[in-house]
Amino acid sequence: MTSAPLTLYTFAMSHYSEKIRWTLDACQLPYQERCLTPVFHMPTALRLGRRGQTTLPIVQQGSVAVQDSPRIVDWLETRQGTLSILPEAQREDIRQIEQRFDSIGKDVARLLYAGSFGVADAHIRQLWTAHANPLQALFIRLAYPLICLGFRQKLNINAASATRAGERIGAQLDWLEAQLADGRRYLVGDQLSLADITAASLLAPIACPAEHPVYGDAAYQAGMAATLAPWQARPGMAWVRELYRQQRYTGLTD
Ligand SMILES: N[C@@H](CCC(=O)N[C@@H](CS)C(=O)NCC(=O)O)C(=O)O
C-alpha cells in the first residue's frame with residue numbers, strides 16, 4: 001500500500017465526481033482536487049483517460065490515470081486492498097447497488113438541464129466559469145448558447161426525454177424507499193458503504209443536501225426550483241439529506 005497523494009479531476013457540480021470525492025474521503029485517502037471547466041476539460045480527459053472518452057472524474061497517481069467511477073473503485077481496491085466501504089462479505093451486493101444508481105446519472109443530468117436551460121442560465125454560467133481562467137470564462141460566456149446546444153445533443157435533452165428520465169429516476173427511488181422502509185440507515189450491512197455513497201451522490205443534485213457546496217447553495221436551489229420541487233417530499237430524498245448531514249464532511253482533517 002502506498003500513501004502518495006492522488007489527483008482527482010472533477011467538475012464541481014458533477015455527481016459522479018462527488019461519488020469518487022466521497023469515496024476517497026470515506027477511505028481517508030489523501031488527494032488534491034482539480035476542478036476543471038466544461039469544454040476545456042476535454043483535452044485533459046482524453047489525454048489522461050486514453051479511452052476516447054471525455055468524462056470526469058479521473059484519478060491520477062504519477063503515470064497512472066483511471067477514468068470512469070466504477071473503474072476508479074476497482075483500481076483503488078487493487079491499490080489499497082479491501083476498502084472499508086466495500087467489505088468483502090458484502091462486495092457483490094454493494095457493487096450491484098452501485099451499478100443501479102450509476103445507471104441514472106445521465107437521467108439526473110438530463111432532468112436538471114432540461115428544467116434549467118433558459119431558466120437558470122445566469123447560475124449555470126456562474127457554475128461553469130467558477131474554475132475557469134479569464135479567457136476560458138470569456139469563451140464560456142460568449143459561447144454559452146452553443147455549449148447548451150452541445151449539451152442538449154450529447155445528453156439528448158428534450159421534453160420527452162426529460163419525462164422518461166424522471167420515470168427512470170422515480171423507479172430507482174421507489175426501489176430505494178422499499179429498502180429503507182424497515183428503518184435501516186444503510187443500504188447494506190450496518191456501516192456506510194459504496195452503495196450508500198453512490199445512491200446519495202447520484203441523487204444529491206435533486207435532494208440538495210445543505211452540506212454540498214453546489215447543490216446546497218440557495219442560488220442553485222432557486223434556479224432549479226421548478227424541477228426539484230416534485231421530488232423534495234420523497235423519503236428517499238430525505239434519506240440522502242440525512243446521510244449527508246450525518247456522514248459527509250465529518251471527521252475530515254483538511
Ligand atoms: N460512467 C462515468 C460517467 C461520468 C460522467 O458522465 N461525467 C460527466 C459529468 S457528471 C462528464 O464528465 N461529462 C462531460 C463529458 O462527457 O465530456 C463515470 O462513472 O465516471
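## Rings, charges and a mixed sheet

Q: What makes Arg100 a charge that sits over the ring of Trp175?
A: The charged end of Arg100 is 4.0 Å from the centre of the Trp175 ring and sits over it, where the term requires NZ of Lys or CZ of Arg within 6 Å of the ring centre and within 35 degrees of the ring normal. The charged end of Arg248 likewise sits over the ring of Tyr249, 4.2 Å from its centre.

This is a predicted model, in which local features need pLDDT of at least 70 and side-chain atom pairs count only at pLDDT 80 or more, while totals for chains, interfaces and linings use all residues. Residues are numbered from 1 along each chain as its sequence is written, and side-chain values use heavy atoms, with hydrogens and water left out.

Q: Why is the aromatic pair of Phe40 and Phe139 called edge-to-face?
A: Rings of Phe, Tyr and Trp (its six-membered ring) pair if their centres lie within 6.5 Å, and planes under 30 degrees apart count as stacked, over 60 as edge-to-face and the rest as tilted. Phe40 and Phe139 are 5.5 Å apart centre to centre with 80° between the planes, so the pair meets the edge-to-face criterion.

Q: Why is Phe40 called partly exposed?
A: Buried means under 20% relative accessible area and exposed over 50%, with partly exposed in between (1.4 Å probe, protein chains only); the value for Phe40 is 30%, so Phe40 is partly exposed. Phe139, at 38% relative accessibility, also counts as partly exposed.

Q: Why is strand 1 described as largely enclosed by the rest of the structure?
A: Strand 1 (residues 6-10; strands are DSSP runs of E with at least two residues, helices runs of H or I with at least four, numbered from the N terminus) has 5 of its 5 residues buried, so the rest of the structure largely encloses it. Leu6, Leu8 and Thr10 are buried on one side, and Thr7 and Tyr9 on the other.

Q: How do you know that strand 1 pairs with strand 2 and with strand 3?
A: Two strands pair if DSSP finds at least two bridges between them. Strand 1 and strand 2 (residues 31-35) have 5 bridges in the parallel sense, and strand 1 and strand 3 (residues 58-61) have 3 in the antiparallel sense, so both count as paired.

Q: Why is one side of strand 2 and of strand 4 left without a neighbour in the sheet?
A: The 4 strands form an open sheet of mixed pairing in the order 2-1-3-4. Strand 2 and strand 4 (64-67) stand at its edges, each with a single partner strand, so one side of each has no neighbour there.
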